[in-house]
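The exercises below are meant to be worked through with the model in view. Try each task before reading the solution that follows.

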Amino acid sequence: MNVGTEIELHQETWSFADSIAHFDEHILQSVPHCQEQREYIAALSKFFLYSGSRVYEIGVSTGGLAQALLNLMPERDFQYIGLDLEHEMIAKARERLKGEPRFQALQANATTFNFEPASVIISYYTLQFIPPAERHALLKRLYQALTPGGALILYEKTLGENAPIQDLLNQLYLDFKSAQGLSPDAILNKALALRGVSLPISLTQNISQLRLAGFETIELVYRAYCFAGFLALKPACCASD
Ligand SMILES: C[S@@+](CC[C@H](N)C(=O)[O-])C[C@H]1O[C@@H](n2cnc3c(N)ncnc32)[C@H](O)[C@@H]1O
């Protein structure tokens with residue numbers, strides 16, 4: 001089944017393992033402002049990263065965001081740890097950032113990983129692929145891993161708040177994909193393959209989920225089409241949990 005950028009799925013269900021060879025082009029065609037927002041996340045992270053601190057990225061893929069962030073702060077001495085389920089993604093990320101001593105890529109499932117204290121945690125369109133029942137426990141653990149004053153930067157595909165808004169956002173997104181040169185077949189096949197794999201929730205539900213995990217300060221830092229970025233802060237005053 002062709003889902004664009006010459007990606008052939010071997011089964012009817014979307015899997016990142018099938019998309020690795022063309023992942024870098026495919027994500028640019030599928031995610032609006034993808035590279036621009038990676039750079040924006042890097043700029044945001046600069047406020048929270050200091051020498052000796054640590055940043056985690058959940059779903060590092062081939063290391064595109066990691067590269068943007070590390071390049072922005074060549075002299076700051078922190079550790080960037082990227083996690084991904086797919087070992088070939090990890091291999092590509094390591095290759096991209098070889099010679100960068102601050103970068104480490106680990107094959108791991110974020111839902112069971114033991115996070116060390118970190119001042120920044122990034123999830124760039126990854127949480128939506130984690131089963132909804134596991135998201136609360138993961139977000140709570142991320143909150144606990146953040147050092148006081150630390151930041152979670154969460155980007156997600158979202159659902160509209162009601163049917164007319166969902167329809168409008170979805171149609172605008174179809175226009176975007178079509179303008180990227182994806183064929184109607186590729187667009188439809190990807191949508192079918194993502195059923196039960198990408199499970200987005202609404203903007204309001206995302207904010208509630210972050211609050212439930214412990215975050216009090218939550219700012220919307222990006223919104224376009226059906227995509228949203230949140231900056232969620234852990235209070236600087238809390239020394240525990
Ligand atoms: C949309 S991509 C992330 C894009 C990446 N941040 C970038 O800027 O290129 C989502 C990634 O999350 C990974 N992933 C999905 N579930 C995961 C989990 N439970 N733990 C770790 N990685 C996961 C996938 O293998 C995939 O590489």
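**Exercise 1.** Find out what covers the buried residues of helix α2, and on which side of α2 they lie.

*Solution.* The cover over the buried residues of α2 includes α1 (16-19) and α7 (163-179), where contact requires C-beta atoms, placed from the backbone, to lie within 7 Å, and where helices (H or I, at least four residues) and strands (E, at least two) are DSSP runs numbered from the N terminus. This is a predicted model, in which local features need pLDDT of at least 70 and side-chain atom pairs count only at pLDDT 80 or more, while totals for chains, interfaces and linings use all residues. Residues are numbered from 1 along each chain as its sequence is written. The buried residues of α2 (residues 23-30) are Phe23, His26 and Ser30, buried meaning that 20 or more other C-beta atoms, placed from the backbone, lie within 10 Å of a residue's own. They span an arc of only 65° around the axis, which puts them on the same side of α2; the arc is that of the directions from the helix axis to the C-beta atoms.

**Exercise 2.** Identify the strand that gives the most to the largest nonpolar core.

*Solution.* The largest nonpolar core has 50 residues, and Val120, Ile121, Leu152 and Ile153 have the most contacts inside it; such a core is a set of buried Ala, Val, Leu, Ile, Met, Phe, Trp, Tyr and Cys residues joined through C-beta atoms within 7 Å. Strand β5 (residues 146-159) gives the most to this core, with six residues. Leaving aside residues up to four places away in sequence, Ile121 touches Tyr56, Leu142, Ala145, Leu146 and Leu152.

Note on methods:
Buried ≥ 20, exposed ≤ 12 C-beta atoms within 10 Å, placed from the backbone. Contact = placed C-beta atoms within 7 Å.
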